[in-house]
Amino acid sequence: MGSDTLRCIILAKNPTLIFGASEFLLAFLSLGPTPTFVPLVLLLTVLRIHGLRIACRSTRILELMCSWLVVTVGASLAHYSSATNALSSSTQSFAAVAVMSAITYVLAILPFYADIRLHRRLPTFWAQVTFLPVVWATTWAIVSHISPVGRLLNWSPVSTSHPFGWLLPYTGPMGIDWAVGACAALFSEVAAAWLMGTSNDEQPVQLFTSSTEAPQSNKRSRSLLALGTLLVALTLPSLHVITPARTDTIFDTSPLGVACALPPVHKGQHPTLGDFITETKKLTSQAKVVLWPESAVVFNNQGEREVAFEELRKNIQKSVIGVAFEESVPQDPSNPGGSRMRRNGLALVHEGQKKGEEVIQYYKRNLVPFTESFSAIPSTEPPAIYDFELGPPKWATKPEWSSPPNYTRPVPITSSICLDFAFSSAFSSLSSRPALILAPARTWDSTVSLAMWEQAKSRANEIGSMVLWCDGGAMGVSGVGGGGISEIMQLGSGSWTRTISLQFPFDQRRTVYAVVGDFGVLVLLVVIMGGGSVAWHLPALSGSRSVLQAVPLLQRLFPGRRRDQENLIDAEVPGERQSLLR
């Protein structure tokens, strides 16, 4: 009786209020800078059930606008802290986030619209229930390629909030999005079965009024059971804990000291070039790779830059320094005396270089909207790989470390800068796997820094590498991610070092995802969707079925005695009598 009353309240008495309040709360919990898996899946579940309910109603446009409003407000409030200091005016910042959240909602609704309109045309129940996950993953893959902020506003969970992170080297972010969509599709089917149930919870409920539909219900139940089994199976590899490689041996690993140079910040002042050089010299005794944060120093011309690099090369031992800089360049290269703009770059400096031989590793390709897009020049050049020759640690001899004449081990290094990590295609141009990614950044809020830190770790895991994240923001997080490590070393200013261990000999073969890309993953997901015969021909599993039928919430999924389905929706509203189930 109590469950029937709850169903009646949800579907008949106060549906708009209940769905609106649920969507607002779940949007606030799940659509912040670092979305989490469970609230996001619940939000999609509610949105899908809401969509199925209003699809045939005359008031569907009004209810959809209400849903759009509450989700936009919830998502905007979730970004309030990160948006406050993004622009010169907090009002402008919040308005910009609200507009982007509103646009993102429209994009997120498209997969649900396609699912409701097209799923009945698919030949099998398996294809029908897996159609939404495929369209969901495809939508966000397309959005991430055209959005000016990449995947930052995508409705995708961060890697630490779910057990599917191991999929990244194989499927990239599309695999994670598919898992989100699949969980939402499965949960919404179960929830719809409960909502369309009767007041008798003692026996299985017949959801269809025709006896000819019982076999179809059986096939549908098996498809849902197969999808649930597949999702559970995909979580099992996460039970295996990946530990970082040892750093006290040189036979199958290469210990490498890395550091982030973050000089102390004096109130109202930015660290100078001298501050960074002094801090770097302190770190080179422990680290062979030292990284400066984004825009650590500013150069007005190339000559000024080379003088600074020449000063840095003195007494840095055999370390390589990743100097993240900002330089002023002519807006029109053919007119050097004309107006000038800035660009962010990263150069690799070491003591063996001569003046002018610095390796300009990378220039930033994706600019932060509004704050950088009007004053800086984006680059079109993709990242490259630089082989750093790593010498032996102090406790190992040269012959033990490597062969003559150099007695060094090559460490392939690449780089990217801050917002570039929000794009899953950041390293798609690389022909081999890098061992380390240098990632200078500068964010304005700790929540933004955490969001970018998650993006950087995802990009590193997708290509099977490790990332050295160095954020120079006042509340930025810095650390090392990938290769079994996900460690935040510092919040705000303060230099730090960390010894990591690289595979030796290093396997430079690319991961599956790095080879096939998003298109290859899409083909795989479509193949999975077309594999309906697997679910259709599962064994009867009568014992397992009887166990599932003992659970009131799940017994809706199985056919039982023929009974008239109770109508909990107002029969006077056109279209309301349509079942929520497919």
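**Exercise 1. Leu 29 and its surroundings**

Task: In this predicted model, decide whether Leu 29 is buried, partly exposed or exposed, and name the helix in which Leu 29 lies.

Solution:
1. The relative accessibility of Leu 29 is 48%.
2. Buried requires under 20% and exposed over 50%, with partly exposed in between.
3. Leu 29 therefore counts as partly exposed.
4. The helix that holds Leu 29 is H2.

**Exercise 2. The nonpolar patch**

Task: Which residues make the nonpolar surface patch that includes Leu 29, and which elements give two or more residues to the patch?

Solution:
1. Leu 29 is joined in the patch by Phe 24, Leu 25, Phe 28, Leu 69, Val 73 and Leu 77, and the patch covers about 600 Å².
2. Two or more residues come from each of helix H2 (15–30) and helix H4 (60–78).
3. H2 supplies four residues, the largest share of the patch.

**Exercise 3. Cysteines and the disulfide**

Task: How many disulfides are there, which cysteines are joined, and what is the handedness of the disulfide?

Solution:
1. A pair of cysteine sulfur atoms must lie within 2.5 Å to count.
2. The sulfur atoms of Cys 260 and Cys 470 are 2.0 Å apart, and a disulfide joins these residues.
3. The count is one disulfide.
4. Cys 260 belongs to strand E1 (residues 253–260) and Cys 470 to strand E10 (residues 466–471); the two cysteines are 210 residues apart, so the pair links distant parts of the chain.
5. The torsion about the S-S bond is about 65°, so the disulfide is right-handed.

Task: Are Cys 260, Cys 470, Cys 183 and Cys 418 buried or exposed?

Solution:
1. Cys 260 has 0% relative accessibility and is buried.
2. Cys 470 also has 0% and is buried.
3. For Cys 183 the value is 8%, which again counts as buried.
4. Cys 418, with a relative accessible area of 6%, is buried.

**Exercise 4. The sheet that contains E10**

Task: In what order do the six strands of the open sheet lie, and which are the edge strands?

Solution:
1. The order is E7-E8-E9-E10-E11-E12, with mixed pairing.
2. Strand E7 (386–390) and strand E12 (485–491) pair on one side only, which makes them the edge strands.
3. From one strand to the next, the twist averages 20°.

Task: How many bridges join E8 to E9, and which residue in E9 is the bridge partner of Ser 415?

Solution:
1. Strands of a sheet pair through backbone hydrogen bonds, in parallel or antiparallel fashion.
2. Strand E8 (residues 409–415) and strand E9 (residues 436–441) run parallel and are joined by three bridges.
3. Ser 415 has Leu 438 of E9 as its bridge partner.

Key:
Residues are numbered from 1 along each chain as its sequence is written. This is a predicted model: local features need pLDDT of at least 70, side-chain atom pairs count only at pLDDT 80 or more; totals for chains, interfaces and linings use all residues. Side-chain values use heavy atoms; hydrogens and water are left out. Patches are made of residues with over 30% relative accessible area and no salt bridge: like charges are joined within 9 Å, nonpolar side chains (Val, Leu, Ile, Met, Phe, Trp, Tyr) within 5 Å. Accessible areas come from the Shrake-Rupley method with a 1.4 Å probe; for residues, only the protein chains shown count as cover. A salt bridge is a side-chain nitrogen of Lys or Arg within 4 Å of a carboxyl oxygen of Asp or Glu. Buried means under 20% relative accessible area, exposed over 50%, partly exposed in between (1.4 Å probe, protein chains only). Two strands pair if DSSP finds at least two bridges between them. Axes are lines fitted to C-alpha atoms, for helices over the stretch in contact, and angles run from 0 to 180 degrees between N-to-C directions.
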